[in-house]
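Take a walk through the fold below, one element at a time. Keep the viewer open as you read.

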Amino acid sequence: MILAIESTAHTFGIGIVENGKILANEKDSYTTEKGGIIPVDAAEHHKQVADQVYKQALEKAGITEKQISAIAVSNAPGLAPCLIQGMNFAKKLGGKLKLPIVPVNHCVAHLEIGKLTGAKDPVLLYASGANTQIIAYASGKYRVFGETLDIGIGNFIDNFARFAGIGFPGGPKIQELAKKSNNYIPLPYSIKGMDVAFSGILTKLRQMIETNKYKIEDLAFSLQETVFAMLVESAERALAHTGKKELLLGGGVACNTRLQEMCKIMCKERKAKFFTPENSLLVDNPAMIAYLGEIMFNKGIKIKNKDINKLDINPRQRTDDVKVRWK
Ligand code: ATP
Ligand code: FE2
C-alpha cells in the first residue's frame with residue numbers, strides 16, 4: 001500500500017493506492033476570488049491543511065498507518081515553496097513510520113494515470129496549468145514532439161480570466177462563458193512546426209478587453225476555438241508522424257468539454273481511439289502520484305529510509321529528463 005503526497009502548486013493532497021486501485025484521493029486546493037496564485041500563500045495553505053487531509057485520507061481508505069509500505073511524494077516540477085511543504089511532510093512521516101520514499105515527477109504522473117483508461121501506446125496531449133506538450137513514449141523516455149514556446153495553456157487561460165476580473169482558476173469559468181456564444185472573433189493562430197505559443201494571443205485578448213467593445217462570452221468562445229484548434233492540429237500531426245492509433249488527453253485543461261469534443265472529432269476522422277481519464281484524475285490530484293509511486297516502488301525505485309535526507313525538490317525537471325525505468 002502506497003501513500004502519496006501532492007503539493008507541487010495550488011493543491012495539497014494525500015492519496016492511497018493498493019495494487020493499482022485508488023483507495024483515497026483527498027485534497028484541498030488554494031483558490032482566489034481575484035488575482036492569481038501567490039506561491040508563498042499556497043505553501044502556507046498546504047502547511048495549514050496537511051494534517052487534516054492526511055487524517056481524511058486514512059479514514060477514507062479505512063486503513064491505519066501501519067499498513068503503509070512506502071511514501072510517494074511529487075518532488076518535481078513545481079513551485080519551490082509548495083514543493084518544500086510536500087517534501088517536509090514526506091520526511092516527517094517517513095521518519096516517524098520508518099518507511100522508504102518514492103520521488104515522483106508530477107507531469108509523468110499526469111501521463112501514467114491515463115493508463116487506467118485502457119490506452120496502450122498513445123500520443124499524449126498534455127494540457128495543464130504550467131505545461132502544454134505533445135508527447136509519445138519511445139525507447140525509455142516520454143519524448144516531446146511539440147510544446148508551448150512560452151506559457152502553458154492553463155496559465156494562459158487563467159491569465160486572461162484574471163485580466164477580465166474573474167478569479168483563479170479561470171478555466172472552468174471561461175468554459176461556461178464560451179457556451180453562451182457562437183460569435184467567432186478572429187484571433188492570431190500561433191503554431192510553428194509542432195510547437196504552439198500563447199503569449200501573443202494573450203496580448204491581443206488583453207487589448208480587446210481594454211477597448212470594452214467585445215462581450216466576454218465572445219472572447220471566451222473565440223479563445224477556446226483558436227487555441228484548442230492549435231493543440232488538436234499538433235496532436236494530429238504527431239499521430240500521423242508516429243503512426244500511433246490512440247490519443248490520450250491529460251492535465252487539468254483536459255476537463256474542458258469543448259477540447260474533448262474537438263479531440264474526439266479529429267480521432268474519428270482519422271480512425272484513432274480517444275481516451276481521457278475522469279476529471280478528478282485530470283486536475284492535480286494525489287491519487288496519480290500514489291498510482292505511479294506504486295509502480296516505481298514495485299520496480300525497486302526508492303530512497304531507503306536511512307537515506308531520507310537525500311530527498312530533494314527539483315522545481316524545473318522536464319518530462320523528457322525523467323528516465324522511465326519502470327516499463
Ligand atoms: P502542471 O501540471 O503543469 O504543473 P497545474 O498543476 O497547475 O500545472 P492542473 O491542476 O493539471 O495544472 O490544471 C490546472 C489548470 O486547468 C488551470 O489552469 C485551470 O484553469 C485549468 N482547467 C480546469 N478545468 C478547466 C476547464 N473546464 N477548461 C479549461 N481549463 C480548465
Ligand atoms: Fe498538474
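Begin with helix 9, residues 286–298, in this predicted model. Helix 9 lies across strand 1, strand 2, strand 3, strand 4 and strand 5. Its direction runs at about 45° to strand 2. Those five strands form an open sheet. Their order is 3-2-1-4-5, and the pairing is mixed. The edges are strand 3 (21–29) and strand 5 (101–105), each of which pairs on one side only. Ignoring direction, neighbouring strands here are turned by 20° against each other on average.

Look inside that sheet next. Strand 1 (residues 2–6) and strand 2 (residues 11–18) run antiparallel, joined by five bridges. For a register marker, use Ala4, which stands opposite Gly15 in strand 2. Helix 2, residues 80–97, also lies across part of this sheet: strand 1, strand 2, strand 4 (70–76) and strand 5. Helix 2 runs at about 160° to strand 4.

Now turn to the other sheet. It is open, has five strands and follows the order 8-7-6-11-12. Its pairing is mixed. Strand 8 (141–147) and strand 12 (273–275) are the edge strands, each pairing on one side only. Neighbouring strands of this sheet are turned by 25° against each other on average, direction ignored.

Start at the strand 8 edge. Strand 7 and strand 8 pair in the antiparallel sense, over six bridges. Ile135 stands opposite Val144 in strand 8. The two strands form a hairpin with two residues between them. In the turn, Ser139 has a positive phi of about 35°.

At the opposite edge, the sense changes. Strand 11 (residues 246–250) and strand 12 run parallel, with three bridges joining them. Here Glu246 stands opposite Lys273 in strand 12. Two helices pack on this sheet. Helix 7 (residues 216–242) touches strand 6 (123–127), strand 7 (132–138), strand 8 and strand 11. The direction of helix 7 makes about 160° with that of strand 6. Helix 8 (residues 257–269) touches strand 6, strand 11 and strand 12. Its direction makes about 175° with that of strand 11.

Next comes the metal. Which protein atoms are donors of the iron ion (ligand 2)? They are His106 (NE2), His110 (NE2) and Asp284 (OD). These donors lie 1.9 to 2.2 Å from the iron ion. Along the chain, their spacing is H-x3-H-x173-D. The two histidines, His106 and His110, both lie in helix 3 (residues 106–112). They are four residues apart, about one turn of the helix.

Asp284 leads on to ligand 1. How many residues surround ligand 1? There are 23, and the closest are Ser128, Asn131, Asp158, Gly252 and Asp284. Asp284 therefore appears in two lists: it is among the closest residues to ligand 1, and it is a donor of the iron ion. Oxygen atoms of ligand 1 have several polar partners. A polar side-chain atom of Ser128 lies 2.4 Å from one oxygen atom. A polar backbone atom of Ala130 is 3.1 Å from an oxygen atom of ligand 1. For Val253, a backbone N or O atom lies 3.5 Å from an oxygen atom of ligand 1. Taken alone, ligand 1 exposes 640 Å², and the protein buries 92% of that.

Key. Residues numbered from 1 in each chain as written. Chains lettered and ligands numbered in written order. Predicted model: local features only at pLDDT ≥ 70, side-chain atom pairs only at ≥ 80, totals over all residues. Heavy atoms only, no water. Pairing = 2+ DSSP bridges. Axes fitted to C-alpha atoms, helices over the stretch in contact; angles between N-to-C directions. Contact = heavy atoms within 4.5 Å. Near = heavy atom within 4 Å. Polar contact = N/O pair within 3.5 Å; in protein donor to acceptor, adjacent residues only side chain to side chain. Areas by Shrake-Rupley, 256 points an atom, 1.4 Å probe, with all protein chains shown as cover. Donors = N, O, S within 2.8 Å, 3.2 Å for Na, K, Ca; no water.
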